[in-house]
Amino acid sequence: MKFATWNVNGIRARQAQVQEWIAQERPDVVCLQEIKAATDQIPTALCEMEGYWCYWHGGKGYSGVALQVSQAFAPERPAFSHPAFDYENRIVTVDVTTPHGVVTVASVYVPNGGKDFPAKMQFLNAMDAYAASFAADGRTLVMLGDMNVARSERDVHPKERKPRAIGQLPEERAIIERILSRGLVDLGRAFDPDNDGLFTWWAPWRNMRQRNIGWRLDYVFAGIALADRATACPVQKDVGTSDHAPVMATFT
């Protein structure tokens, strides 16, 4: 069972890469962020991707998320929905039935915060309340996506560390830790605890990606019951031309 996330930074610019990646990896659930396109702008080959139930939640030129669920994994079309705190097309969820019970999967694109930091904090706090509701009810949640927060100092290359940079602020990191305390596991770090070069985003200049001078912003936060079944969660650093790399979690 494979769950994947990728901030594509424009689905139309990355159409062929996304199709090739999905055809090669065949994830059971695909979460995309920053699609930057309304539904009527999505290429038909993606909008109705063969073998997948597809849900696109975007607007013209900005933000947007998507979820694709394999029809082999879910023979009947699942119900896609949005938590009440969704705005600017930033979160879509779906319930999928797995061998370990029903799992709610969320594709998430947290605001950057550069233009409206209070809105980012409000969104993160709402995510925390959402995660807490699952913990209280004993339901299983997996949140995948671009959280736009580097969880700790080690999740930013030393050359990029700035004490007051948005995405590295203590108040942002505190909410991420609180979200994880709701019975969730950061699978990327769980599988690679000692890697100080584990990044998912690189500024698109000065060969930052080739030099691996980046930030870790893209995550798979999995409920403990599911996290216990995880076998891998690598960053696919060499995939595509987005400024973000995909992250792929595999479960038994």
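This passage describes two sheets of a predicted model, the helices that pack on them, and one buried residue. Residues are numbered from 1 along each chain as its sequence is written. Because the model is predicted, local features need pLDDT of at least 70 and side-chain atom pairs count only at pLDDT 80 or more, while totals for chains, interfaces and linings use all residues; side-chain values use heavy atoms, with hydrogens and water left out.

Helices (H or I, at least four residues) and strands (E, at least two) are DSSP runs, numbered from the N terminus. Two strands pair if DSSP finds at least two bridges between them. Strands of a sheet pair through backbone hydrogen bonds, either parallel or antiparallel.

One open sheet has six strands in the order β3-β4-β2-β1-β12-β11, and its pairing is mixed. Its edge strands, β3 (52-59) and β11 (230-232), each pair on one side only. On average, neighbouring strands of this sheet are turned by 15° against each other, direction ignored. Angles run from 0 to 180 degrees between N-to-C directions, with axes taken as lines fitted to C-alpha atoms, for helices over the stretch in contact. Helix α1 (residues 15-25) packs on the sheet and touches β1 (2-7), β2, β3 and β12 (247-251), its direction making about 165° with that of β1. Contact here means heavy atoms within 4.5 Å. Within the sheet, β2 (residues 29-33) and β4 (residues 62-70) are antiparallel and share five bridges, with Cys31 opposite Leu67 in β4.

Asn7 is placed in strand β1. Asn7 counts as buried because its relative accessibility is 0%; buried means under 20% relative accessible area, exposed over 50%, and partly exposed in between (1.4 Å probe, protein chains only). The side chains of Asn7 and Glu34 are joined by a polar contact of 3.0 Å. A polar contact is a pair of N or O atoms within 3.5 Å; within protein, one must be able to donate a hydrogen and the other to accept it, and residues adjacent in sequence count only if both atoms are side-chain atoms. Leaving aside residues up to four places away in sequence, Asn7 touches Gln33, Glu34, Tyr109, Asp146, Asp218, Ser242 and His244.

Another open sheet of six strands follows the order β5-β6-β7-β8-β10-β9, again with mixed pairing. Here β5 (80-81) and β9 are the edge strands, each pairing on one side only. Strand β8 (residues 140-146) is largely enclosed by the rest of the structure, because seven of its seven residues are buried. Seven bridges link β8 in the parallel sense to β7 (residues 101-109), and Ser107 stands opposite Leu144 in β8. Five bridges join β8 to the antiparallel strand β10 (residues 218-223), where Tyr219 is the bridge partner of Gly145.

Helix α3 (117-137) has 21 residues and reaches 31 Å from its first C-alpha to its last, close to the expected 30 Å, a span defined as 1.5 Å times one less than the number of residues. At its N-terminal end, α3 is capped by Asp116, with a side-chain oxygen 3.2 Å from the backbone nitrogen of Ala119. The helix lies across β6, β7, β8 and β9 and runs at about 155° to β8. Its buried residues include Phe117, Phe123, Tyr130 and Phe134. Just after α3, Gly138 has a positive phi of about 70°. Helix α4 (170-180) lies across β8, β9 and β10, at about 125° to β9.
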